[in-house]
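Q: I'm new to protein structures and I'd like to learn how to read one. Could you walk me through it, feature by feature?

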Protein chains: 2
Amino acid sequence: MTDKLDKVLETLDANSESALARLMELLKIPSISTNPAHDNDCVCAAQWCAATLTQIGFDASVRPTTGQPMVVGHYHVEGGNAPHMLFYGHYDVQPPEPLDEWDSPPFEPVLKEDPDNGTIISARGASDDKGQLMTFLEACRAWMSAAGGLPLSITVMLEGEEESGSPSLKPFLDANKDELKRDYALVCDTGQWDASTPAITTLLRGMCSCEVVITGPSRDLHSGLYGGVARNPIRVLTNILGAMHDENGGVQIEGFYDDVQPISAEQREQWKALPFDPSDFLGRVGLTAPAGEGNFTALEQLWSRPTAEINGIIGGYTGPGTKTVIPSIASAKLTFRLVPGQDPQKIADGFKAFVEKRLPDDCSAEFLGERGSPAVSFDISAPIFLKAAQALEEEWDKPAVFMGCGGSIPIVESFKTELGMDALLIGFGTDDNRIHSPNEKYNLSSFQKGARSWARILEKLAAL
Amino acid sequence: MTDKLDKVLETLDANSESALARLMELLKIPSISTNPAHDNDCVCAAQWCAATLTQIGFDASVRPTTGQPMVVGHYHVEGGNAPHMLFYGHYDVQPPEPLDEWDSPPFEPVLKEDPDNGTIISARGASDDKGQLMTFLEACRAWMSAAGGLPLSITVMLEGEEESGSPSLKPFLDANKDELKRDYALVCDTGQWDASTPAITTLLRGMCSCEVVITGPSRDLHSGLYGGVARNPIRVLTNILGAMHDENGGVQIEGFYDDVQPISAEQREQWKALPFDPSDFLGRVGLTAPAGEGNFTALEQLWSRPTAEINGIIGGYTGPGTKTVIPSIASAKLTFRLVPGQDPQKIADGFKAFVEKRLPDDCSAEFLGERGSPAVSFDISAPIFLKAAQALEEEWDKPAVFMGCGGSIPIVESFKTELGMDALLIGFGTDDNRIHSPNEKYNLSSFQKGARSWARILEKLAAL
């Protein structure tokens, strides 16, 4: 370890309380990008981020888009051969509902003691992604104050629409290519292998989302006066969606698996060698057995197989008591997770054809909010992956795992296709963080060791 | 026509404006029995009804139950051989949701001009059942004022839980048998054959209702991090409910049709002779073809075949935008319409077995709010049916149709089994009244000619 890095790490440890206080400030802002009622909160979070970057020493500003604003900050190191990095994080968060399942209010962050994780930070966004992005900003702050500057040039870009499909992202990248195209992207929005084992994510599933609305009668009907003779759109919707998977968990949409690139035998063996117990992974959420395709292991189902999930369904009367109604409409929201080779548009079209083929008389289907991004995988033999893995091993005293991720981070695909940049995906989340669920948390140790990890990584990357 | 009846009818015509004003008062009370937030409004409606009965000349009071109160009023004619009647109506109404589909607020009744129906009364409950029950009370009021009293003894019972399954009804009938057991029940909660043709309903489907809640993971999960491997309860629910009907509309629950008593060939022929055009009936609600069992006519599907309808379904995220969630639970509300011979408990048990048989690993099903009442049919050769039909024909200048009804009026079955009373079901609703839907209405002519019809019926029944 260099003297400089030593001082940076000491500074991080010495200032851990003020770092935590800054994260708590950000967590108090309910920057829910999917709900227009919170648009002002998103602007407020963006302003907070820009002010924080400026305070650290970046040349930062809030940048308007047609949706939630972007935050961009620059720090330039004159001369030298170090690569220039683009750091990416997102300041927006998922809706907190259902509110009554939170033990403490989602936007009143608090520290709690947890039997498995020591001190935890409880709040919406604690892990996804405010806690994670702040590990990077705190590492930068420590470099600035302990070493007088960053060891390499860094551009920071913080998005406010990651949880709502990033509609403004591609136009923004297009319009600002020169400013944002750097040598590599650094992304802090993923997890570790486990709480004590760091990881670099090198394979991300893509996603295609869509909503289907089935309309039957022109108005709600009385189920006694019309029942049996009138077409019920809930029945039609359940009939169609209920046929989407076979008994083995396979998706029945025509052509769904056509373009799936199978993983290599080598990759398969590497994953099989990982200490992963599906019953332990599922046991933590009250389940016992993998529910996906039976001829794949649980890790393969999660990292390398596409899915069709119904994320929401609604139709008819859902209040207290009963209402004998045949509703006019019923609808469902779906997301498809995609693997390398699959084209989101082709999957969306396949789903539409699947629905339309099964529509009975007197029903129509409307498809709304369709969006998609393909899966991404990287060549892990590149030096940047090896250097970063080395830095992680020095902080955690354990080799870093190269892993896949079932989730989708569309930005990573955009960086690749729009700006020709590969991304280094390093995050400190753990599987029990309940992201997108009530009682989301981030381990205090993830936050503190995450910042220390980035401090080390920055030094290694400066020597690339 | 007798002089007395003549005067009663004249009085009804002369006082039609004040009668309408009284109905409007009742329609302003949002007595929604399925929603506990409206319990006070139900009490208020009951008090209004009791006060109105007292004003007419009944000995009336509000009677507590464990749920919404009953209203009971008595009028006794000394001597004579006329039968003693029990009139039944209900003062509670369906929830008005979705509110944004109403052209005027549901509890601010207004008169409107309608191209098909002349003047209409628009409000929740205008037809079901406030407008209907008021036809009877206005007929009684006119008899009292024009003839000095009613032509026969009448007990009035108005319920406040008809729209929420009548949980207090049987205990109330049991506890007050002597007070409520009369020679016949008169019920005003049904429809006419069409706007110009009166009808007596002699066959009512029964009903069995139940809610199923499917639980998968112990908490909501991220569909990226868990998708493919975690059991999704929406997928399980759609898969099970989607298999409940075959392609021909038949219900696949084991034993569902076992006890169905087929209608007689004679009845079938009589129904076939009725001027009923399914494409016209369905066309009014935006549909073209009957969706029920293909080997039965539309009228048979409506009046003599059982159904399984999903009235509501909900699970996961249903707000604006998307949320990549695998929810912990998903649920649906169902009602089964039953025909003579079917036992509600057996149907409920069959549904439970159907669900449980199809539950995959890691899912549980809970069944809530189960309730039921069997179907009812009457011997239409009894003199009371013939006398009532004669009175209707005199008012409407057309023979009354003896018809079936797809809906359920559990009280009618209770009158039969608990009190040994047959019921005369006469109502003045029309198919386009949108009961249980936004913009419910009652034709002003239904209200006025309905009251005149009851005035005539009371005279005929006094001579039974």
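What follows is a short chat between a learner and a teacher about this structure.

Q: Before we start, what kind of model is this, and how are things numbered?

A: It's a predicted model, where local features need pLDDT of at least 70, side-chain atom pairs count only at pLDDT 80 or more, and totals for chains, interfaces and linings use all residues. Residues are numbered from 1 along each chain as its sequence is written, while chains are lettered from A and ligands numbered from 1 in the order in which they are written.

Q: How are chain A and chain B related: what turn and what shift lay one on the other?

A: To compare copies, you superpose them by least squares on the C-alpha atoms of residues with pLDDT of at least 70 in both. Here, a turn of 180° and a shift of 0.0 Å along the axis lay chain A on chain B with an RMSD of 0.1 Å. That's how a two-fold axis relates things. Both copies use the same surface, too: 100% of the contact residues of chain A recur in chain B.

Q: How many residues does each chain bring to the contact?

A: The size of an interface is often given as the accessible area lost when the parts come together. We'll count residues instead, and two residues are in contact if their C-beta atoms, placed from the backbone, lie within 7 Å. On that basis, chain A gives 77 residues and chain B gives 78 residues.

Q: Which elements of chain A give two or more residues to that side?

A: First, the naming: helices (H or I, at least four residues) and strands (E, at least two) are DSSP runs, numbered from the N terminus. In chain A the elements are β10 (221–222), α7 (233–241), α10 (298–303), β11 (307–316), β12 (325–326) and β13 (329–338). The largest share, 9 residues, comes from β11(A).

Q: And how does the side of chain A that touches chain B split by class?

A: The classes go like this: Ala, Val, Leu, Ile, Met, Phe, Trp, Tyr, Cys and Pro count as nonpolar, Asp, Glu, Lys and Arg as charged, and the others, Gly among them, as polar. This side of chain A has 26 nonpolar, 38 polar and 13 charged residues.

Q: In what sense do β11(A) and β11 of chain B pair?

A: Two strands pair if DSSP finds at least two bridges between them. Strand β11(A) and strand β11 (residues 307–316) of chain B pair in the antiparallel sense, over 5 bridges. If you want a spot to look at, find Gly312(A), whose bridge partner in β11(B) is Gly316(B).

Q: Now a sheet inside one chain. In what order do the strands β4, β5 and β18 of chain A sit?

A: In a regular strand the side chains alternate between the two faces of the sheet. In chain A, 3 strands form an open sheet in the order β4-β5-β18, with antiparallel pairing. At the edges are β4 (110–114) and β18 (441–443), each pairing on one side only. From one strand to the next, the twist averages 35°.

Q: How many bridges join these strands?

A: There are 5 bridges between β4(A) and β5(A) (residues 118–122), and 3 between β5(A) and β18(A). Lys112(A) stands opposite Ile120(A), Val110(A) has Ser122(A) as its bridge partner, and Ile121(A) is partnered by Tyr442(A) in β18(A). Strands β4(A) and β5(A) also make a hairpin, with 3 residues between them.

Q: What about a hairpin in chain B: how many residues join β1(B) to β2(B)?

A: That hairpin runs through 6 residues. Its strands, β1 (residues 59–63) and β2 (residues 70–75) of chain B, run antiparallel and are joined by 5 bridges. One of the bridge pairs is Arg63(B) with Met70(B).

Q: Last one: at what angle do the axes of α1(A) and α4(A) cross?

A: Two packed helices are described by the angle between their axes and the distance between the axes. Axes are lines fitted to C-alpha atoms, for helices over the stretch in contact, and angles run from 0 to 180 degrees between N-to-C directions. Helix α1 (residues 3–14) and helix α4 (residues 130–147) of chain A have axes that come within 8 Å and cross at roughly 120°. So α1(A) and α4(A) are oblique to each other (angles under 35 degrees count as roughly parallel, over 145 as roughly antiparallel, 65 to 115 as roughly perpendicular and the rest as oblique). Among the residues in this contact are Lys7(A) and Leu12(A) of α1(A), and Glu138(A) and Trp143(A) of α4(A). By class, the contact has 6 nonpolar, 2 polar and 3 charged residues.
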